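Please look at the sequence and the structure below. The questions that follow go through it place by place, each with a short answer.

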Amino acid sequence: MDFENRTAVVTGAASGIGLGMAEALLERGMRVVMADVEEAPLMQEAERLEQSNFAVLPVVTDVTSNASMDQLFERAVDAFEKVHVVCNNAGVGGAPGTLWGTSEEAWAWVMGVNFEGVLKGIRRFVPHMIEHGEPSHIVNTSSIAGLTTGGGSIYGISKHAVTRLSEGLFFDLANQAPHIGVTCLCPGIIDTRIFDSDRNSPADLPELEAIRGLGKRIEGMRTYFRTQGMAPRQVGEIVAQAIEERRFYCFTQDEFAPIIASRFESIMAGTNPVLPGPAPSTFTNDKGRN
Ligand SMILES: NC(=O)c1ccc[n+]([C@@H]2O[C@H](COP(=O)([O-])OP(=O)(O)OC[C@H]3O[C@@H](n4cnc5c(N)ncnc54)[C@H](O)[C@@H]3O)[C@@H](O)[C@H]2O)c1
């Protein structure tokens, strides 16, 4: 699709992958509505981009709220009339614990942001894209965790839901509105603030202390993401290319392919689920940092 003078809406645009996608789309001549729940960094990043003469509109948005998503839609259409690309990307890292031991509040928070936030974005913007009829695209941020198996983490479950929802959207649009493409972004290891997701959690989340304690205990993981993780701006480039090519699955690091394959091999062989091997320690393909 042609990006020049078209409009994109990106959720979770104040940080990490969302910011990287916003920058890549701005570089291609798009106007970008930057939506995020965190006002201060949102305004700061929007101002920085505005100073470089990019056309941005920051809108403080909580993707878990219907009223807030309605307002995002109104602000985008009031400012730019038509929206052509929506990146449903806002996400949080989840909460530790078993399926039965995790609080209702944690389920509501993680599923609310990671899954329902994506669904709300689709329900708000797809009818508009169908109505204006111009080439359009939806990008949903899933994860490698949305394709692999493992213990019952809410995060993994929310991302599997995003993958399946995106495939459903792909078929529905191919059938009813083929001018709208779909990309399911499955990032691997990206250097972002995902480990600080508690900054946006409900203040009374029962798992808050556990999440914060976990943050300290998994310092090695933080270092891994910081040193081996792909730069978010590079993810933005990969996503922009996937939109151009109307590519559905969008990966950042090829090293995860065997881990994904092992799940499907086990399904095909009819064996019980097998835990994937450890995540790759370094990335050597041309999409990685090394
Ligand atoms: N970092 C990785 O390695 C990685 C890997 C796979 C998938 N992802 C996914 O990428 C997406 C972006 O995360 P990131 O890694 O850039 O982390 P990040 O924390 O840097 O960015 C996430 C953004 O989402 C915003 N956000 C959180 N809750 C929100 C809400 N209710 N409404 C609106 N905005 C909200 C945050 O304020 C933040 O700006 C997430 O969906 C995440 O699950 C990340």
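Q: How far is an oxygen atom of the ligand from a polar backbone atom of isoleucine 17?
A: The model is a predicted one, and the distance is computed from it. A polar contact needs two N or O atoms within 3.5 Å. The pair formed by a ligand oxygen and a polar backbone atom of isoleucine 17 is separated by 2.9 Å.

Q: What share of the ligand's area does the protein bury?
A: On its own, the ligand exposes 820 Å². The part of this area buried by the protein is 98%.

Q: Which residue has a polar backbone atom 3.0 Å from a nitrogen atom of the ligand?
A: Two backbone contacts of the ligand have this distance, so the ligand atom must be checked. With an oxygen atom of the ligand, the partner at 3.0 Å is arginine 193. With a nitrogen atom of the ligand, the partner is valine 63.

Q: Which elements give two or more residues to the shell around the ligand?
A: The shell consists of 31 residues, and the closest are Ser15, Asp36, Tyr155, Ile190 and Thr192. The elements that supply two or more residues to the shell are α1 (16-27) and α5 (154-176).

Q: How many residues of the shell around the ligand are charged?
A: The shell can be divided by residue type. Nonpolar residues number 13 and polar residues twelve. The charged residues number six.

Q: How far apart in space are the C-alpha atoms of glutamine 234 and isoleucine 17?
A: Glutamine 234 belongs to helix α8 (residues 232-244). Its relative accessibility is 27%, between the limits of 20% and 50%, so glutamine 234 counts as partly exposed. Along the chain, glutamine 234 and isoleucine 17 are 217 residues apart, while their C-alpha atoms are separated by 8.9 Å.

Q: Is threonine 252 buried or exposed?
A: Threonine 252 sits in the loop between β7 (249-251) and α9 (257-269). Its relative accessible area is 0%, and the limit for buried is under 20%, so threonine 252 is buried.

Q: Which residue has its backbone nitrogen 2.9 Å from a polar atom of the side chain of threonine 252?
A: The side chain of threonine 252 also makes a polar contact of 2.9 Å with the side chain of glutamine 253. That contact joins two side chains, whereas the question asks for a backbone nitrogen. The backbone nitrogen at 2.9 Å belongs to glycine 188.

Q: What is the C-alpha to C-alpha distance between threonine 252 and alanine 203?
A: In sequence, threonine 252 and alanine 203 are 49 residues apart. In space, their C-alpha atoms are 33 Å apart.

Q: Why does the aromatic pair of phenylalanine 248 and tyrosine 249 count as edge-to-face?
A: The structure holds eight aromatic pairs. In the pair of phenylalanine 248 and tyrosine 249, the ring centres are 4.7 Å apart and the planes meet at 90 degrees. Planes over 60 degrees apart count as edge-to-face, so the name for this pair is edge-to-face.

Q: Which of the two, phenylalanine 248 or tyrosine 249, is buried?
A: Tyrosine 249 has a relative accessible area of 26% and is partly exposed. Phenylalanine 248 is at 12%, and buried means under 20%, so the buried residue is phenylalanine 248.

Q: Which residues do ring pairs link into a cluster?
A: Phenylalanine 248 and tyrosine 249 form one aromatic pair. Both belong to a cluster linked by ring pairs, made up of Phe170, Phe171, Phe248, Tyr249 and Phe251.

Q: Where does asparagine 53 lie, and what is its relative accessible area?
A: Asparagine 53 has a positive phi, near 65 degrees, in a residue other than glycine. Its place is the loop between α2 (39-51) and β3 (56-60). Asparagine 53 is exposed, and its relative accessible area is 72%.

Q: Is threonine 102 buried or exposed?
A: Threonine 102 is in the loop between β4 (85-88) and α4 (104-132). Its C-alpha atom is 8.7 Å from that of isoleucine 154, with their positions 52 residues apart along the chain counted as separation. The relative accessibility of threonine 102 is 9%, under 20%, so threonine 102 counts as buried.

Terms used. Residues numbered from 1 in each chain as written. Predicted model: local features only at pLDDT ≥ 70, side-chain atom pairs only at ≥ 80, totals over all residues. Heavy atoms only, no water. Phe/Tyr/Trp six-rings, centres within 6.5 Å; stacked < 30°, edge-to-face > 60°. Buried < 20%, exposed > 50% of the residue type's maximum accessible area, 1.4 Å probe, protein only. Near = heavy atom within 4 Å. Polar contact = N/O pair within 3.5 Å; in protein donor to acceptor, adjacent residues only side chain to side chain. Areas by Shrake-Rupley, 256 points an atom, 1.4 Å probe, with all protein chains shown as cover. Helix = DSSP H or I, 4+ residues; strand = E, 2+ residues; numbered from the N terminus. Nonpolar A, V, L, I, M, F, W, Y, C, P; charged D, E, K, R; others polar.
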